[in-house]
Amino acid sequence: MACGEAADGFSLLLCLLRPAAAEDVVVEFSHLHSRRTHERLDGAIDRAWEAALAVNARLFDGSKFRLASISREATGEPLLRLGLTGYREYLGTNRLDAAGLAELIADGRRYHGHADAYLSNALGCEAVLITSDDHAVLLRRSTAVATHGGLYNGPSGHPEPERAGLACPSFAEGLEGRTNGSTPCSALAKAEPGSENARACDELFDSIVQETVEETGIRRSHLSSPLLIGLMADACHKPDALFVLFTTLTTSQVRRTYESGTAEEGWESDALTLVHIDALLAHAASDESASHGGLRVDNWSCLLYTSPSPRDGLL
């Protein structure tokens, strides 16, 4: 069984005491932050991809940002170091069977001093979307998605380097052109110094708004600017940036919008539910299992560190 199909474990990589706007987050983007190649196990990448396509023909190998590390600037802002990876690499490394994943992690520590050196660690994003009457919007993932079908979470997806003009053509072609564990990309050399960092940060924050629009049908004009509340990683080491996002719509308006069938990526979920934010936070603060009736509340534990009410100090 591939990693994560049965495991509910997660770890919080970062929880911000004060949610951060885009201008309060520092991104360092470089091809040097891409994964290292593994001489023997990288052959599993193509095999895993072919097997996944046989099950779900909707999959495509889009470029993704790779989270290499997290730290803080001297002034306190979170610093995210990002490289490039692809969905094919993610399925063939992070989603390997337990034995293969354990070998990649052990070899990463042994040869590079970092457990995740050989892992894709494709950076995802997820929103705590809160209605005007203080309910969190949860979507049940359909069986058409690659992972975690049947579980509820907030609108989610991945920041797309291509939208920021930072994607390397080699990722669409597989692993060709990889040397010494990094992926050369001539487009980066043509960019103004530092501009790729700003574009990567802008895409990170804009992506969660785009995902929310595409998965729920809610218009951008009805959504606030996103605020970063933290980062988490699942049992497969896959990281997600966690955001809080507000809509001017009520629960009934959100439900009607979703049920209208106008969401561009509505196929990614098959049901919507709304949970009062107080109930969600109470469950996240309890000692109960992270999964309760298919509801993953662990993703939003960072809200507990912000303020008694999720709206206090956020708007």
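Which residues are linked with Arg35 in a network of salt bridges? Keep that in mind while you read; the reply comes under point 5. One caution before the notes: this is a predicted model.

1. Let's start with the aromatic rings. Searching the whole structure turns up 4 aromatic pairs. In one of them, the ring centres of tryptophan 49 and tyrosine 87 are 6.3 Å apart and the planes sit at 80°, so this pair is edge-to-face. Have a look at where the two partners come from: tryptophan 49 belongs to helix H1 (residues 43–55), while tyrosine 87 belongs to helix H2 (residues 87–92). They are 38 residues apart, so the pair links distant parts of the chain. Both tryptophan 49 and tyrosine 87 are buried.

2. Tyrosine 87 has another ring partner to look at. With tyrosine 90 it makes a tilted aromatic pair, 5.5 Å from centre to centre and with 45° between the planes. Here the two residues are both in helix H2, 3 residues apart, which is about one turn of the helix. Tyrosine 87 counts as buried because its relative accessibility is 11%, and tyrosine 90 counts as buried too, at 2%. Put the ring pairs together and you get a cluster of Trp49, Tyr87 and Tyr90. There's also a charged neighbour to find: lysine 238 lies over the face of tyrosine 90, 5.6 Å from the ring centre.

3. Next, go to strand S4 (residues 78–86). Is it mostly buried or exposed? Of its 9 residues, 8 are buried, so S4 is largely enclosed by the rest of the structure. Strand S2 (residues 26–29) pairs with S4 in the parallel sense, over 4 bridges. If you want a landmark in the model, glutamate 28 stands opposite arginine 81 of S4.

4. S4 also pairs with strand S3 (residues 63–72), and this time the strands run antiparallel, joined by 9 bridges. Phenylalanine 65 has leucine 84 in S4 as its bridge partner. Together S3 and S4 make a hairpin, with 5 residues between the strands. In the turn you'll find glycine 76, which has a positive phi of about 105°. A general point for looking at strands: in a regular strand, side chains alternate between the two faces of the sheet.

5. Now for the salt bridges, and the opening question. The structure holds 12 salt bridges. Arg35 is linked with Asp42 and Glu89 in a network of salt bridges. Elsewhere, the side chains of lysine 64 and glutamate 160 form a salt bridge, with 2.8 Å from N to O. Lysine 64 is in strand S3, and glutamate 160 is in the loop between strand S8 (156–157) and helix H4 (186–190), so this pair ties together parts that are 96 residues apart in sequence. What about their surroundings? Lysine 64 and glutamate 160 are both buried.

6. Compare that with a salt bridge inside one helix. The side chains of aspartate 107 and arginine 110 meet at 2.5 Å, N to O. They are 3 residues apart in helix H3 (residues 98–112), so about one helical turn separates them. Check the accessibility of each partner as well: aspartate 107 is buried, at a relative accessible area of 9%, whereas arginine 110 is exposed, at 54%.

7. One more salt bridge is worth a look. Aspartate 206 and arginine 220 meet through their side chains, 3.0 Å from N to O. Aspartate 206 lies in helix H5 (residues 195–216) and arginine 220 in the loop between H5 and strand S9 (227–234), so the pair ties together parts 14 residues apart in sequence. Aspartate 206 is partly exposed, with a relative accessible area of 30%, and arginine 220 is partly exposed as well, with 39%.

8. Last stop: glutamate 215, also found in helix H5. Its relative accessible area is 6%, so glutamate 215 is buried. What does its side chain have within reach? A polar atom of that side chain lies 3.3 Å from the backbone nitrogen of serine 156. Leaving out residues up to four places away in sequence, glutamate 215 touches Leu139, Pro155, Ser156, Tyr258, Ala263, Glu265 and Glu268.

Methods
Residues are numbered from 1 along each chain as its sequence is written. This is a predicted model: local features need pLDDT of at least 70, side-chain atom pairs count only at pLDDT 80 or more; totals for chains, interfaces and linings use all residues. Side-chain values use heavy atoms; hydrogens and water are left out. Rings of Phe, Tyr and Trp (its six-membered ring) pair if their centres lie within 6.5 Å; planes under 30 degrees apart count as stacked, over 60 as edge-to-face and the rest as tilted. Buried means under 20% relative accessible area, exposed over 50%, partly exposed in between (1.4 Å probe, protein chains only). A charge sits over a ring if NZ of Lys or CZ of Arg is within 6 Å of the ring centre and within 35 degrees of the ring normal. Two strands pair if DSSP finds at least two bridges between them. A salt bridge is a side-chain nitrogen of Lys or Arg within 4 Å of a carboxyl oxygen of Asp or Glu. A polar contact is a pair of N or O atoms within 3.5 Å; within protein, one must be able to donate a hydrogen and the other to accept it, and residues adjacent in sequence count only if both atoms are side-chain atoms. Contact means heavy atoms within 4.5 Å.
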